[in-house]
Amino acid sequence: MALTQMALDSLDFDATIALAEKVAPHVDILEIGTPCIKHNGIKLLETLRAKFPNNKILVDLKTMDAGEYESEPFYKAGADIAVVLGVSDIGTIKGVIKAANKYGKKAQVDLISVEDKVAKTKEVVAAGAHIIGIHTGLDQQAAGHTPFADLAAIAALNLGVDISVAGGVKAATAAQVRDAGATIIVAGAAIYGAADPAASAAEITAIAHG
Ligand SMILES: O=C(CO)[C@H](O)[C@H](O)COP(=O)(O)O
């Protein structure tokens, strides 16, 4: 059993709301992707929070510095999860964890471009990170990479934290991701690029929850 997260990666405010209207009933978590949150800011979070009380909301801030200062306003505005980069200073990561705990929310550490993902995972879990994000980014996907080997290595640690997996996941690979130990399955392009995003979201969620 895993939760599903839909990555809203458009820059367009209204198109993002319209897509969220279609998929929200079929996923557990709505993600405001990095380009989208940079382009639209906290106003989009506030709008989604008001419209979709039944979904968790993740803001993919990919914070690199000033962890507590940057993330706190987003938790305050209703984000359930904020993302900090694993390559950032441990003080930055601890700042996001502190802000999350203050609001009873969660901090996710994204392992994108982290050299030693096992060591980093142990370090940030010891610091109180709630979710480890195994993430093959869009540019890495374009170069042919996938998240599966990293998922196997992190799941084998059995650290008892949530493991989120992102990077080109689709219906055809969702069961493999779930069975390998992901507790959150992220899909962006597989849903927003589908002819019927709601149906695609429902299909992936049925697999994730299975
Ligand atoms: O965080 C992201 C890019 O940095 C994407 O939102 C994430 O990779 C999910 O999208 P996709 O399923 O299309 O890979």
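**View 1. The ligand sits in the largest pocket.** "Sits in" means that more than half of the ligand's atoms lie within 2 Å of the pocket's grid points. A pocket here is an open set of points on a 1 Å grid over the protein atoms alone, where a 1.4 Å probe fits and protein lies on both sides within 12 Å along at least five of seven lines. This is a predicted model: local features need pLDDT of at least 70, side-chain atom pairs count only at pLDDT 80 or more, and totals for chains, interfaces and linings use all residues. Residues are numbered from 1 along each chain as its sequence is written, and side-chain values use heavy atoms, with hydrogens and water left out.

**View 2. Here's the shell around the ligand.** There are 14 residues around the ligand (each with a heavy atom within 4 Å of it). Asp-9, Gln-141, Gly-168, Gly-188 and Ala-189 come nearest. By class, the shell has five nonpolar, five polar and four charged residues; Gly counts as polar, while Asp, Glu, Lys and Arg count as charged.

**View 3. Zoom in on the ligand's oxygen atoms and their polar contacts (pairs of N or O atoms within 3.5 Å).** A polar backbone atom of Gly-168 is 2.8 Å from a ligand oxygen. Gly-188 also puts a polar backbone atom 2.8 Å from an oxygen of the ligand. From Glu-31, a polar side-chain atom lies 3.3 Å from a ligand oxygen. On its own the ligand has 370 Å² of accessible area (Shrake-Rupley method, 1.4 Å probe), and the protein covers 94% of that.

**View 4. Now look at the walls of the largest pocket.** Its lining (residues with an atom within 4 Å of a grid point) has 33 residues, and Asp-9, Glu-31, His-135, Leu-138 and Ala-166 lie nearest the centre. The lining splits into 14 nonpolar, 13 polar and six charged residues.

Technical notes: A polar contact is a pair of N or O atoms within 3.5 Å; within protein, one must be able to donate a hydrogen and the other to accept it, and residues adjacent in sequence count only if both atoms are side-chain atoms.
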